[in-house]
Amino acid sequence: ASQVEARFEALGDRTRVTLVHDGFERHATDGPAYRDALAADRGWPMILDRYAARVRRSVEAPWEGLTT
């Protein structure tokens with residue numbers, strides 16, 4: 001399977017997230033299509049946008065998502 005590496009770098013009061021996804025050749029003939037799907041708007045761009053939105057919500061309202 002492919003490999004995903006995420007790095008988090010503090011930039012003052014912000015955080016830069018660097019994502020490297022490689023190893024698509026391990027998916028054999030499906031590798032190029034898998035890479036293209038993740039590069040499309042509904043792939044990593046959407047996943048990272050949703051992640052950023054969730055992080056913002058957890059900062060603004062840290063009690064969200066907690067259960068008792």
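# Questions on a two-strand, two-helix model

Student: Is A28 buried or exposed in this model?
Tutor: Bear in mind that we are looking at a predicted model. The relative accessible area of A28 comes to 53%. Exposed means over 50%, so A28 is exposed.

Student: Where is A28 placed?
Tutor: Start from the two elements that flank A28, namely strand β2 and helix α1, which covers 31-39. A28 also has a backbone feature to look at, a positive phi of about 55° although A28 is not a glycine. Its place is in the loop between β2 and α1.

Student: Which pattern does the protein chain follow along the sequence?
Tutor: Let's count the elements before ordering them: the protein chain has two helices and two strands. Read along the sequence, the pattern is β-β-α-α.

Student: What is the radius of gyration of the protein chain?
Tutor: A good yardstick is the globule rule, which gives 11 Å for 68 residues. The value for the protein chain is well over that, so the chain is more spread out than a compact globule. For the C-alpha trace, the spans along the principal axes are about 45 × 30 × 20 Å. The radius of gyration itself is 16 Å.

Student: In what sense do β1 and β2 pair, and over how many bridges?
Tutor: Strand β1 takes in residues 3-11, and strand β2 takes in residues 14-22. Among the facing positions, F8 stands opposite V17 in β2, and A10 stands opposite T15 in β2. The two strands pair in the antiparallel sense, over nine bridges.

Student: Which residue in the hairpin of β1 and β2 takes a positive phi?
Tutor: The place to look is the hairpin, with its two residues between the strands. A positive phi near 65° is found there, and the residue that takes it is G12.

Student: What percentage of the residues in the protein chain is buried?
Tutor: A residue counts as buried under 20% relative accessible area. The exposed surface of the protein chain is about 5700 Å², with 53% of it supplied by carbon and sulfur atoms. Out of the 68 residues, the buried share is 12%.

Student: How far apart are the C-alpha atoms of A39 and H21?
Tutor: A39 lies in helix α1, and its relative accessible area of 59% makes A39 exposed. Along the chain, A39 and H21 are 18 residues apart. Their C-alpha atoms are separated by 10.0 Å.

Student: What separates the C-alpha atoms of R56 and G23 in space?
Tutor: R56 belongs to helix α2 and counts as partly exposed, at 47% relative accessibility. R56 and G23 are 33 residues apart along the chain. The separation of their C-alpha atoms is 31 Å.

Student: How far apart in space are L66 and A37?
Tutor: L66 sits in the segment after α2, the helix of residues 44-60. With 64% relative accessibility, L66 is exposed. L66 and A37 are 29 residues apart in sequence, and from C-alpha to C-alpha the distance is 33 Å.

Student: What share of the contacts with a separation of 6 or more comes from residues 24 or more positions apart?
Tutor: Here a contact means heavy atoms within 4.5 Å. Taking the contacts in the protein chain with a separation of 6 or more, residues 24 or more positions apart account for 20%.

Student: How far apart are the mean positions of the positive and negative charges?
Tutor: The protein chain carries 10 positive and 11 negative charges. Comparing the mean position of each set gives a distance of 3 Å.

Definitions and conventions
Residues numbered from 1 in each chain as written. Predicted model: local features only at pLDDT ≥ 70, side-chain atom pairs only at ≥ 80, totals over all residues. Heavy atoms only, no water. Helix = DSSP H or I, 4+ residues; strand = E, 2+ residues; numbered from the N terminus. Rg over C-alpha atoms; globule rule 2.2 N^0.38 Å. Buried < 20%, exposed > 50% of the residue type's maximum accessible area, 1.4 Å probe, protein only. Areas by Shrake-Rupley, 256 points an atom, 1.4 Å probe, with all protein chains shown as cover. Lys, Arg positive; Asp, Glu negative; His and termini not counted. Charge placed at Lys NZ, Arg CZ, Asp CG, Glu CD. Pairing = 2+ DSSP bridges.
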